[in-house]
Amino acid sequence: MIVRSTQDITGTERDIQSEDGNWRSKRIVLGGDRVGFSFHETTIQAGTVNNFHYANHIEAVWLIEGEGTLTDRETGEKYEIGPGSMYLLNGNERHTVEPRTQMRMMCVFNPPVVGSEVHDENGVYPLVEVPA
Ligand code: 9YT
């Protein structure tokens, strides 16, 4: 069994800030834990525009706090999301998150994020294998 708390993660290499300062993510479970998924708490600043594309990963997001607009850039469809909303990127969709108030969300990635990934210029994470 693994037990962790926010205090164990805050300020460590598991606590990631985006280069533009728009979001911060605490990576609670990572590939190195060898359970087949990673689990993150992400906060995104109000008033920001965030283009994401996880080309190599499926992501589920459960929004706990904050509200704003989610745009599926594959279809142009827009969704108003708030506490209790979930979105599942089961088609590796390019998408944009625009919080009107600060969002806090719990995110699951399959395959797991290993921890060293940074977004490339397209907002894509490379697929990084967990070392054997
Ligand atoms: C909202 C969202 O896509 N979060 C993903 C996780 C976060 N960007 C991270 O941990 O890198």
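This passage describes the fold, the aromatic cluster, a nonpolar surface patch and the strand pairing of one protein chain.

The model is a predicted one, and its protein chain holds 132 residues, of which 43% are buried. The secondary structure consists of one helix and 10 strands, and the order of these elements from the N terminus is α-β-β-β-β-β-β-β-β-β-β, so that the helix precedes the strands along the chain. Among the contacts between residues with a separation of 6 or more, 62% join residues that lie 24 or more positions apart in the protein chain. The accessible surface of the protein chain amounts to about 7,300 Å², and carbon and sulfur atoms contribute 52% of that area.

Aromatic side chains were examined next. Two values, the distance of the centres and the angle of the planes, serve to describe a pair of aromatic rings. Three aromatic pairs are found when the whole structure is searched. In one of these, F52 and Y54 are stacked, with 6.0 Å from centre to centre and 15° between the planes. F52 has a relative accessible area of 7% and is therefore buried, since the cut-off for a buried residue is under 20%; Y54, at 7% relative accessibility, likewise counts as buried. A further pair is formed by Y54 and F109, whose rings are arranged edge-to-face, with a centre-to-centre distance of 4.9 Å and an angle of 85° between the planes. Because Y54 belongs to the loop between β4 (50-52) and β5 (58-65), whereas F109 belongs to strand β10 (residues 103-110), this pair ties together parts of the chain that are 55 residues apart in sequence. Both partners of this pair, Y54 and F109, are buried. Taken as a group, W23, F52, Y54 and F109 make up one aromatic cluster.

On the surface, a nonpolar patch is formed by I58, W62, I64, M86 and L88, which together have about 440 Å² of accessible area. Two or more residues of the patch come from each of the elements β5 and β8 (86-89), and β5 gives the most, with three residues. One member of the patch, I58, is placed in strand β5. The relative accessible area of I58 is 31%, so this residue is classed as partly exposed, a class that lies between the limits of 20% and 50%. The same value also satisfies the condition for patch membership, because that condition asks for over 30% relative accessible area.

The pairing of strand β6 (residues 68-72) was then considered. This strand is mostly covered, as five of its five residues are buried. Strand β6 is joined by four bridges to strand β7 (residues 78-81), and these two strands run antiparallel. Strands β6 and β7 form a hairpin in which five residues lie between them, and in the turn G76 has a positive phi of about 85°. Strand β6 also pairs with strand β9 (residues 95-99), again in the antiparallel sense, over five bridges. At T71, both pairings can be followed at the level of single residues: the bridge partner of T71 in β7 is K78, while in β9 the residue opposite T71 is T96.

How values were computed
Residues are numbered from 1 along each chain as its sequence is written. This is a predicted model: local features need pLDDT of at least 70, side-chain atom pairs count only at pLDDT 80 or more; totals for chains, interfaces and linings use all residues. Side-chain values use heavy atoms; hydrogens and water are left out. Buried means under 20% relative accessible area, exposed over 50%, partly exposed in between (1.4 Å probe, protein chains only). Contact means heavy atoms within 4.5 Å. Accessible areas come from the Shrake-Rupley method with a 1.4 Å probe; for residues, only the protein chains shown count as cover. Rings of Phe, Tyr and Trp (its six-membered ring) pair if their centres lie within 6.5 Å; planes under 30 degrees apart count as stacked, over 60 as edge-to-face and the rest as tilted. Patches are made of residues with over 30% relative accessible area and no salt bridge: like charges are joined within 9 Å, nonpolar side chains (Val, Leu, Ile, Met, Phe, Trp, Tyr) within 5 Å. A salt bridge is a side-chain nitrogen of Lys or Arg within 4 Å of a carboxyl oxygen of Asp or Glu. Two strands pair if DSSP finds at least two bridges between them.
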